[in-house]
Amino acid sequence: VSELMRGKRGLIMGVANNRSIAWGIARACRDHGADLAFTYQGDALKKRVEPLAEEVDGLVVGHCDVTDPASIDAVFAQVEQAWGSLDFVLHAIAYSDKDQLDGRYVDTTEDNFTKTMLISCYSFTAIAQRAEKLMKNGGSMLTLTYYGAEKWMPHYNVMGLAKAALESSVRYMAADLGVKNIRVNAISAGPIKTLAASGIGDFRYILKWNEYNTPMRRNVTLEDVGKAGVFFLSDLSSGVTGEIQHVDAGYHVVGIKHPDAPDF
Ligand code: NAD
């Protein structure tokens with residue numbers, strides 16, 4: 001066990017199960033000595049998050065649904081009561097109606113557009129507002145994004161717009177909070193089979209396509225993203241803010257299908 005993050009206290013938001021990206025990052029931070037607190041969304045996930053938190057000697061600070069500001073306040077009040085301050089926060093939360101993660105973007109409804117933006121973009125800002133108050137000695141905030149923010153991806157639809165706005169919010173908040181030594185960054189992860197990803201139409205095709213066409217000829221793992229998470233949430237990245245870091249086995253440099261890639 002490394003001592004890199006010893007004494008650092010972090011809030012992890014977005015664990016649904018042991019395949020969640022948030023769990024990959026949490027585990028990696030714990031391997032480097034960090035103390036962790038977890039939120040969960042609703043009773044169904046509480047049962048999943050509690051044993052995982054226990055595995056890493058973490059606290060569970062309660063239910064948080066980002067569409068309910070009172071529940072965000074409540075978990076931050078719990079963190080303040082338990083720790084008095086906070087060193088880092090991980091936001092690994094996104095949502096769009098499953099039936100609109102299929103077909104054409106242009107058919108999105110106003111209701112789903114608004115809901116997707118609120119949960120997948122604004123929630124990071126709402127969380128940052130609360131975290132800023134507890135980051136008395138500076139801190140690090142990290143969110144998760146996807147290449148569908150930069151380029152069209154099949155079925156990603158309104159989530160692509162929400163990720164583009166989320167990435168922009170990283171830059172604006174980095175500028176706002178830098179003077180307090182609070183850093184704000186994002187990891188743009190390659191596709192990983194998680195609960196949220198299974199809602200995206202033809203996700204298996206995207207996984208295969210990436211596996212055959214990334215420079216590294218493989219998909220990324222929770223461990224790959226976890227290690228990058230440690231970089232951003234620890235002092236290793238002390239001079240880095242406003243960054244969108246691809247952790248995608250190099251997929252973002254690819255122009256067209258690799259000539260050696262098999263048909264599938
Ligand atoms: P996941 O299903 O394990 O996690 C998504 C989390 O979002 C869940 O814990 C869920 O409870 C939470 N959430 C959804 N709506 C919420 C709400 N209203 N209030 C509070 N929490 C809410 O899936 P994941 O793939 O680990 O997703 C984590 C993040 O990573 C998301 O932002 C996702 O867009 C991003 N991401 C995923 C991939 C991928 O391929 N899996 C790639 C790049 C980025």
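Me: What makes the approach between an oxygen atom of the ligand and the side chain of Thr-194 a polar contact?

Reply: The oxygen atom of the ligand is 2.6 Å from an N or O atom in the side chain of Thr-194, and the term asks for a pair of N or O atoms within 3.5 Å (within protein, one must be able to donate a hydrogen and the other to accept it, and residues adjacent in sequence count only if both atoms are side-chain atoms), so this pair qualifies. This is a predicted model, in which local features need pLDDT of at least 70 and side-chain atom pairs count only at pLDDT 80 or more, while totals for chains, interfaces and linings use all residues. Residues are numbered from 1 along each chain as its sequence is written, and side-chain values use heavy atoms, with hydrogens and water left out.

Me: Which atoms of Gly-14 and Asp-65 lie 2.9 Å from the ligand?

Reply: For Gly-14 a backbone N or O atom lies 2.9 Å from an oxygen atom of the ligand, whereas for Asp-65 a polar side-chain atom lies 2.9 Å from a nitrogen atom of the ligand. The protein buries 93% of the 820 Å² that the ligand exposes when taken alone, the areas coming from the Shrake-Rupley method with a 1.4 Å probe.

Me: Where does the ligand sit, and which residues of its surroundings are the closest?

Reply: The ligand sits in the largest pocket, where sitting asks that more than half of the molecule's atoms lie within 2 Å of the pocket's grid points. Around the ligand there are 28 residues, of which Ser-20, Gln-41, Lys-163, Ile-192 and Thr-194 are the closest; a residue belongs here if one of its heavy atoms lies within 4 Å of the molecule. This shell divides into 20 nonpolar, six polar and two charged residues, with Gly counted among the polar ones and Tyr among the nonpolar ones.

Me: Why is Asn-17 called buried or exposed?

Reply: Asn-17 has a relative accessible area of 11%, and buried means under 20%, exposed over 50% and partly exposed in between (1.4 Å probe, protein chains only), so Asn-17 is buried. Asn-17 is placed in the loop between strand 1 (9–13) and helix 1 (21–31), where helices are DSSP runs of H or I with at least four residues and strands are runs of E with at least two. From this loop the side chain of Asn-17 reaches the backbone nitrogen of Arg-19 at 2.8 Å.

Me: How do you know that helix 1 is largely enclosed by the rest of the structure?

Reply: Eight of its 11 residues are buried, and therefore helix 1 is described as largely enclosed. Among the buried ones are Ile-21, Trp-23, Ile-25 and Cys-29. Just after helix 1, Gly-33 takes a positive phi of about 95°.

Me: What makes the phi of Asn-157 and that of Ala-249 worth a remark?

Reply: Most residues other than glycine have a negative phi. Asn-157, however, has a positive phi near 50°, and Ala-249, also not a glycine, has a positive phi of about 55°. Asn-157 is found in the loop between strand 5 (139–145) and helix 5 (158–177) and, at 9% relative accessibility, counts as buried; Ala-249 lies in the segment after strand 7 (244–247) and is buried too, at 8%.

Me: Why is Tyr-95 put in its accessibility class, and what is the class of Asp-263?

Reply: Tyr-95, in the loop between strand 4 (88–91) and helix 4, has 37% relative accessibility and therefore counts as partly exposed. Gly-84, in the loop between helix 3 (69–83) and strand 4, is partly exposed at 24%. Asp-263, in the segment after strand 7, counts as exposed because its relative accessibility is 71%.

Me: How many residues along the chain, and what separation in space, lie between Asp-263 and Gly-10?

Reply: Asp-263 and Gly-10 are 253 residues apart along the chain, and their C-alpha atoms are separated by 44 Å. For Gly-84 and Met-135, 51 residues apart in sequence, the C-alpha atoms are 9.4 Å apart.

Terms used
On a 1 Å grid over the protein atoms alone, a cavity is a set of points where a 1.4 Å probe fits but cannot get out, and a pocket is an open set with protein on both sides within 12 Å along at least five of seven lines; lining residues have an atom within 4 Å of a point.
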